[in-house]
Amino acid sequence: MNIELRKLTLEDYADLKESMLQAYDSMGGSIWPKSSIAKLLNIFPEGQLCIAVDDKVVACSLSIIVNYDEYGDRHTYKLITGDYSFTTHDPNGDTLYGIEIFVHPDFRGLRLGRRLYEARKELCESLNLKSIIAGGRIPGYHQYAEQLSPRQYIDKVKAKEIYDPTLTFQISNDFHVRKVLKNYLPGDKESKEYATLIEWNNIYYQGIDASARSAMTIRLGLVQWEMRLFSNMEAFYEQVEFFVDALSGYKSDFVMFPELFNTPLLQPYNHLPEIEAMRKLAEKTEEIVQKMHEYSLSYNTNIITGSMPLIEDGKLYNATYLCHRTGKIDEYRKIHITPNEQKYYGMIGGDKVQVFDTDCGKVGILICYDVEFPELSRIYAEQGMQILFVPFLTDTQNGYTRVRHCAQARAIENECYVAIAGCVGNLPKVNNMDIQFAQSAVFTPSDFAFPTNAIKAEATPNTEMVLVVDVDLHLLEELHHYGTVKVMKDRRKDLYQVKLLK
């Protein structure tokens, strides 16, 4: 006799069908159609295992990978398999779900089921999945249904007072019962349509690896910058690098500075009219951006540089830069210029609206006043934005409140995270930059997966500090598909729309 455990192939179907008919004779000989086996082999070939005895398939186990939290402990077999279509299979899921295991009755004395279970465990470990979960039949229950509840029956099987051909075997293979499922498999008369939700935990599970972490859990580092005078550019860079170094030490994927955080460098030009002083400051922007670009590479973090004045073709803009740790630099110019910026500095607004691709997903940037216009972030959301960064500068608590509340609204209505970072302190020797008020924060959508107040974290008001915050991009995806409300999906596009005109 030759026993071989291997991956199932479609050429095995004839043997598979015969073995299924024998194994499920008591359930009316229900079998998997060839089309279903073909689909499983197509989407997850390594999860479909069989045992051949003398080249004839006599045992089989079928599996898919699911993101288990999407279904929970009250699912049915029909739900977990996507109505038997296997659309629930998610290669990026965390759980190996067993949808079938059987042994031809003529070969049940060879412990082939144990071999299949061990192979499943090895597969779970090799794929770094959290656990194996399945709905297990309790075919002996019909003999005790009048005397015992399903729970009592399971307890007696655990205590070895009752032998159940399926559950006893599963318990002996290190599976434990999480829950009793009702109406799990219609037509299973032997189990009275009950099932055990069984689980085997992978003790070698390492959680999310580094590459997966960058795609799902993103660490944000926000600098709540205190305005202070600097004796020279070296002192300014020293303070900038201090924060980059500190946040890089916490493995932040992004470091964000506030709007116009470099305006302490206006002090030498305080004798000039504000419009001329700001243009003098703009002469330093290229140098500062290059320095922060160097920091992004040497400290391996993406840096939103805060905003700085920029002169192009004689026009003054308020611009920020995204220095990627991969070496790329993107630019965004503030679209909506405040009356103060127009009056004192003669600034004009930019005209480019776009989402930026990073190694941590798609991000958008708006500068301060921009976040008070919902159209921009809605356009970003339609382009796939997951995190919105808002460097801001507000002098009074009234101005800050506008930025804060609008940022919170943007997070909810666009199903994204919004991070805001501002300046604090005073600049008594710089005209029009004398006082600041800020409380940096990270806001979330409002649903069960997020904080009840939709605030992931917030800094102490008016105190120089950093804020380090982890955000989970998977939660946004789940919200989009399964949220209590689905704001992005439920928009009445037949009635209204937001368009980018240029």
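**Note on the predicted model: one annotated domain, an open sheet and a helix pair**

1. The UniProt annotation "domain: CN hydrolase", taken from an unreviewed entry, covers residues 220-479. The structure discussed here is a predicted model. Over residues 220-479 the chain is 31% helix and 29% strand. The C-alpha atoms at the two ends of that stretch are 20 Å apart.

2. An open sheet is formed by seven strands. Their order is β1-β2-β3-β4-β5-β7-β6, and the pairing is mixed. The edge strands are β1 (3-7) and β6 (176-182), each of which pairs on one side only. From one strand to the next, the twist averages 25 degrees.

3. As general background, strands of a sheet pair through backbone hydrogen bonds, in either a parallel or an antiparallel manner. In this model, strands β4 (residues 95-103) and β5 (residues 131-136) run parallel and are joined by four bridges. Within this pairing, T95 has S131 in β5 as its bridge partner.

4. Helix α1 (residues 13-23) packs on the sheet, where α1 touches β3 (56-66) and β4. The direction of α1 makes about 90 degrees with that of β3.

5. Strand β5 merits a separate remark on accessibility. This strand is mostly covered, with five of its six residues buried.

6. The next point concerns two helices. The axes of helix α8 (residues 233-249) and helix α10 come within 11 Å and cross at roughly 35 degrees. The crossing of α8 and α10 is right-handed.

7. The residues that meet between these helices can be listed for inspection. On the α8 side they are M233, F236, Y237, V240, E241 and V244; on the α10 side they are E287, I288, K291, M292 and Y295. By class, the contact of α8 with α10 has eight nonpolar residues, three charged residues and no polar ones.

8. Q290 is found in helix α10, which spans residues 285-298. Is Q290 buried, partly exposed or exposed? Q290 counts as partly exposed because its relative accessibility is 39%, which lies between the limits of 20% for buried and 50% for exposed.

9. A final point relates Q290 to a residue further along the chain. Q290 and I329 are 39 residues apart in sequence, and their C-alpha atoms are 9.5 Å apart in space.

Terms used
Residues are numbered from 1 along each chain as its sequence is written. This is a predicted model: local features need pLDDT of at least 70, side-chain atom pairs count only at pLDDT 80 or more; totals for chains, interfaces and linings use all residues. Side-chain values use heavy atoms; hydrogens and water are left out. Two strands pair if DSSP finds at least two bridges between them. Axes are lines fitted to C-alpha atoms, for helices over the stretch in contact, and angles run from 0 to 180 degrees between N-to-C directions. Contact means heavy atoms within 4.5 Å. Buried means under 20% relative accessible area, exposed over 50%, partly exposed in between (1.4 Å probe, protein chains only). A crossing is left-handed if the near helix is turned anticlockwise from the far one by less than a right angle, and right-handed if clockwise. Ala, Val, Leu, Ile, Met, Phe, Trp, Tyr, Cys and Pro count as nonpolar, Asp, Glu, Lys and Arg as charged, and the others, Gly among them, as polar. UniProt positions are given in the numbering used here, feature names are shortened, and annotations may be inferred rather than shown by experiment.
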